[in-house]
Amino acid sequence: MNSQNTPVHIKLWHREFWQLAIANLLLSMSVYMFIPVLPVWLMQEENFSLMETGLSMGVFAFGLYLLGPFVSFLVQHYRRNKVCLWAILLLIGCEGTLWYIDTLKGEFVEFWIIMLQRFLLGALFGFAQMVLASTLVIDTCESFQRTEANHSASWFGRFALSLGPLTGLVTMQIWGFNMVIMVVMGLAFLALLLIRMVVFPFRAPEDHVHVFSCDRFLLDHGSVLFLNLLLITIAIGLCIGQMETMEEFGMMMIGFLLALLAQRFMFRDAELKSEVVTGLILLSAALLINMTQHTSVACYISSTFIGMSTGIIGTRFLLFLIKLSRHCQRGTSQSSFMLSWETGLALGVGLTYVFADVLPHHTNIIALALTVVALLMYHTYTHSWFLRHKNR
């Protein structure tokens with residue numbers, strides 16, 4: 001049977017790994033907190049239209065690619081942990097510009113300023129994630145533990161997809177948007193402190209490294225997996241963009257926990273294709289429930305299914321990209337996964353507001369169509385393509 005399972009090494013979970021995993025959680029939360037609250041602030045306080053709000057949320061996806069080509073050069077010429085720390089420090093400053101804008105009561109911010117802020121936030125977040133997930137996490141573990149390290153650290157970032165918006169909604173409801181920005185900056189600063197406390201061995205700078213490179217940025221032969229995952233995450237982003245209550249994100253978190261249990265027990269010895277197919281079926285079911293049922297119970301079930309499908313699909317595609325990578329390309333595969341994942345989510349959230357403006361009441365139909373296309377692509381082509389090209 002063509003199955004695979006990620007082993008568990010207790011020795012992996014030492015203090016340094018815990019610190020980096022929690023730093024990943026906090027850093028991701030600081031960005032994901034904006035998903036449900038920033039659009040509300042833009043429309044209610046800054047008088048943005050639905051189209052302008054959608055473009056502001058979606059431009060984050062394009063910023064992710066701005067600094068990626070320079071990652072390899074920077075981490076091999078300077079202390080890699082300090083490169084990450086500087087990126088997070090600049091990210092905190094970028095988030096803080098919203099606090100300054102919010103204090104200008106009575107003045108509407110220009111559309112291009114928010115677009116620029118979101119673009120730069122995406123650039124700094126993507127850069128920090130590439131260094132943290134594809135380099136620093138790997139540096140803290142033995143070679144035989146690295147697949148599990150990538151798998152486990154990515155789960156902390158995935159939990160942030162529910163914990164971040166949930167924290168944002170709670171903070172917004174009690175204290176307002178100004179405090180949301182303070183919490184966002186505080187979480188990023190805590191992530192910075194956790195990384196700062198980890199001791200990394202000195203590595204001599206390497207010579208003859210190109211300033212512009214796809215190393216640690218994009219896996220040159222992973223485009224099929226990248227595109228398939230992108231279709232899925234756009235659909236997931238369209239679902240998340242429509243979530244407005246704390247209960248929905250809480251049930252999504254329960255879905256993540258169920259996905260973890262399913263991977264450990266249900267899919268432990270299952271056929272390799274079953275995980276992604278099951279995840280896409282769950283996502284389709286969630287969308288059908290949203291289209292046909294409008295009760296609170298149906299909403300909670302749908303949110304749980306979205307969490308389960310996101311957890312199952314995300315884990316499997318990450319492992320696919322790792323196994324597709326060649327020697328010394330593990331970090332590149334991790335960055336490619338992150339880019340496809342974050343690009344799809346940001347585009348999906350942004351398109352939620354664009355579709356609400358130009359195609360009202362059709363968002364779930366479009367998300368379902370993307371899910372069906374992704375399922376057909378995976379079943380008929382992607383899976384067999386991966387089996388022919390994997391290297392591990």
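Trp155 is a buried residue in this predicted model, with a relative accessible area of 3%. Because buried means under 20% relative accessible area, Phe159 also falls into this class, at 14% relative accessibility. Both residues belong to helix H7, and since they are four residues apart there, about one helical turn separates them.

What angle do the planes of the Trp155 and Phe159 rings make? The planes are at 40 degrees and the ring centres are 5.4 Å apart, so this pair is described as tilted. A tilted pair is one whose planes are neither under 30 degrees apart, which would count as stacked, nor over 60, which would count as edge-to-face.

Trp155 also has a charged neighbour. Arg158 lies over the face of the Trp155 ring, at 4.7 Å from its centre. Arg158 lies over the face of Trp341 as well, in this case at 5.6 Å from the ring centre. One arginine can thus be followed from the ring of Trp155 to that of Trp341.

Aromatic contacts turn up elsewhere too. In total, the structure holds 17 aromatic pairs. One of them joins Phe70 and Phe212 in an edge-to-face arrangement, with 6.0 Å from centre to centre and 85 degrees between the planes. Where do these two residues lie? Phe70 is found in the loop between helix H3 (50-63) and helix H4 (71-77), while Phe212 is in the loop between H8 and helix H9 (223-241). The pair therefore ties together parts that are 142 residues apart in sequence. As for their surroundings, Phe70 counts as partly exposed, at 30% relative accessibility, whereas Phe212 is exposed, with a relative accessible area of 60%. Aromatic residues also gather in a group: Trp13, Phe17, Trp18 and Phe156 form one aromatic cluster.

A further feature to look for is on the surface. Here a nonpolar patch of about 770 Å² is made by Trp99, Tyr100, Leu104, Val170, Ile174, Trp175, Met179 and Met182. Which elements give two or more residues to this patch? They are helix H5 (80-103), helix H7 (146-174) and helix H8 (177-196). Helix H7 thus takes part in the patch and also carries the tilted pair of Trp155 and Phe159. Trp99, one of the patch residues, lies in helix H5. This tryptophan is partly exposed, with a relative accessible area of 36%, whereas Trp155 is buried.

Definitions and conventions: Residues numbered from 1 in each chain as written. Predicted model: local features only at pLDDT ≥ 70, side-chain atom pairs only at ≥ 80, totals over all residues. Heavy atoms only, no water. Patch = residues over 30% accessible without salt bridge, like charges linked within 9 Å, V, L, I, M, F, W, Y side chains within 5 Å. Areas by Shrake-Rupley, 256 points an atom, 1.4 Å probe, with all protein chains shown as cover. Salt bridge = Lys/Arg side-chain N within 4 Å of Asp/Glu carboxyl O. Buried < 20%, exposed > 50% of the residue type's maximum accessible area, 1.4 Å probe, protein only. Phe/Tyr/Trp six-rings, centres within 6.5 Å; stacked < 30°, edge-to-face > 60°. Lys NZ or Arg CZ within 6 Å of the ring centre and 35° of its normal.
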